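Reader: I am in my first year and would be grateful for a close look at a single part of this structure. Could you please describe the place where the chains meet?

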2 protein chains.
Amino acid sequence: MNKYLLIIFILFAVSCSKVNEKGIENNPLPSWNEGSNKKAIMDFVTQTTQEGNPQFIPVEDRIAVFDNDGTLWCEQPLYVEMLYSKDAAETNNILEDFVISHTAVTLEYFDKKTQTWLDTAINTQFQQRYIDLTYQPMLELLQYLRNNQFKTFIVTGGSAMFVRNFSQQVYGIPSEQVIGTMFKANYKDNNISLDPDLWHNNDNAGKPEAIFNIIGKKPVLAFGNSDGDLEMLQWTSTHTLPNLALILHHTDNVREVAYDSLSSIGRLKNALIEAQLNDWIIVDMKRDFNQVFSFKTK
Amino acid sequence: MNKYLLIIFILFAVSCSKVNEKGIENNPLPSWNEGSNKKAIMDFVTQTTQEGNPQFIPVEDRIAVFDNDGTLWCEQPLYVEMLYSKDAAETNNILEDFVISHTAVTLEYFDKKTQTWLDTAINTQFQQRYIDLTYQPMLELLQYLRNNQFKTFIVTGGSAMFVRNFSQQVYGIPSEQVIGTMFKANYKDNNISLDPDLWHNNDNAGKPEAIFNIIGKKPVLAFGNSDGDLEMLQWTSTHTLPNLALILHHTDNVREVAYDSLSSIGRLKNALIEAQLNDWIIVDMKRDFNQVFSFKTK
């Protein structure tokens, strides 16, 4: 290659990468459509991270909590962890499957089996792996918050031990920032085993209770999608610091599944009423997301 | 000032600051005496953070856990939290004091009262505030580990809610990296209150059990000082990754208090035997610390 051409090419490549950086800087949420919800989220982040702004939140209080099923990834037609449990234990009772698949095996076996399953198991409606059915706009939001020194936590009704097997890879959230349902652990002879009894059921009131005991701080941002998240959203919205409560409303029957108050999975009824009464942000998947899933669509 | 003198002065100041930086870089643990224990700690950190070294530990697995009472700060003549409880509740029963002072008040009142107390209450033997009776070599170790991308956690037999009121200020450890004894929390009417019952007693086997459920990973470094830390040290020492189990042995009756197997506070008997059998690092306060406390001595 002619050396002048090479120099021009390098200059071009450098300027392109600068444009890209600038693009992401100016639009950190490219999969969110412009509108009042996107604006409210970005205004919140801008104002609370701007020193001297009356809305400023100190870094150590920038705690953001996210439900997982139906908020960060698809929960239809059934919670992914329940599908795993059915595959792994195969009784006729889904709760028994859940307990057996999680506690009747060693921790090493559970982690290995879960990871293999997640790497291969497919959602038949979308013909995609479950770990690729995460919501692209939510991944962008997690990253945007972390870029602004918010600490992002998952607070899931699912088990912490299941979600930890993909949270870092899929969401960039480390094991110790996953709060979930937990079995009673027993340490004996250098070894942890799990009782079939729950130590903590991380749903409804269990969510703020675990946040209090494990994080030790009230969050300033909470994002959920169902009645199981109501108490966590309520508690967050009573923070004396500026705060944001958000609900993802599944309104898109073409790109995903439309459901709310009548669904047995991720029912959204009381929390939607409360959100309307309290002016929480109701994210409308159909209207607010220009891309739904993280896998590449045509 | 003559401008040449000014320039010389600036050059001198800059070179001094560089010498200081270099000093801390070369000796990140200045309050530790040279010897096999300091060398073992520094070798561990150097080797496990050096890419390509067979001892290398990925960043996400660099979990380091520390007991608090007697490991990070002075626990004599009585655990500081018990002294607080006695002051705050004033029954004739120390366990009743503990429960009442923590659960019979609002969370806001507890935090405020604790902070005021910690700011003023004095250890009579040393004539220092309790929060100034932290061990300087341990503060340096925490910082050294964090500088090498270890995540530092407190895993204390004390209550998480008490320790969180000084962990950031005193140890640089945020609220969500404090695991402790926890009361059963109840969420109701936008509010958390605490039952007098414990949700979790974070001592002995309770330590690895909580680490499993809350961090979700086995630590690669554990540091304790009493039999209550034995299970946490044992579990850490069975990690498949390189690991370090350390015990602080209180051997200095001049600068602190010498105690071990006969003490009712922070008894160290079985864990010392196990440490000797397993070649864990036994830090000898008298021999290994050239400065004990973080307050400035003459």
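Author: The following account concerns the interface of chain B and chain A. The model is a predicted one. To begin with its extent, about 3000 Å² is buried between chain B and chain A, and carbon and sulfur atoms give 59% of that area. On the side of chain B, the residues that lose the most area to chain A are Tyr187(B), Trp199(B) and Asn213(B), which together make up 25% of what that side buries. The contact draws on 32 residues of chain B and 32 residues of chain A.

Charged and polar pairs come next. Two salt bridges are counted between chain B and chain A. In a salt bridge of 2.7 Å, N to O, the side chain of Lys151(B) meets that of Glu176(A). Across the interface of chain B and chain A, 20 residue pairs are in polar contact, both residues being at pLDDT 80 or more.

One may also ask which elements of chain B touch chain A. Those that give two or more residues to this side are the strands β4 (151-159), β5 (178-188) and β6 (191-200), together with the helices α9 (206-215) and α10 (230-237). Among them, α9(B) gives the most, with six residues. Sorted by class, the side of chain B that touches chain A holds 17 nonpolar, nine polar and six charged residues. The picture on chain B thus includes Tyr187(B), Trp199(B) and Asn213(B) as the residues that lose the most area to chain A, and α9(B) as the element that gives the most residues to that side.

Key: Residues numbered from 1 in each chain as written. Chains lettered and ligands numbered in written order. Predicted model: local features only at pLDDT ≥ 70, side-chain atom pairs only at ≥ 80, totals over all residues. Heavy atoms only, no water. Contact = heavy atoms within 4.5 Å. Buried area = accessible area lost by both parts, 1.4 Å probe. Salt bridge = Lys/Arg side-chain N within 4 Å of Asp/Glu carboxyl O. Polar contact = N/O pair within 3.5 Å; in protein donor to acceptor, adjacent residues only side chain to side chain. Helix = DSSP H or I, 4+ residues; strand = E, 2+ residues; numbered from the N terminus. Nonpolar A, V, L, I, M, F, W, Y, C, P; charged D, E, K, R; others polar.
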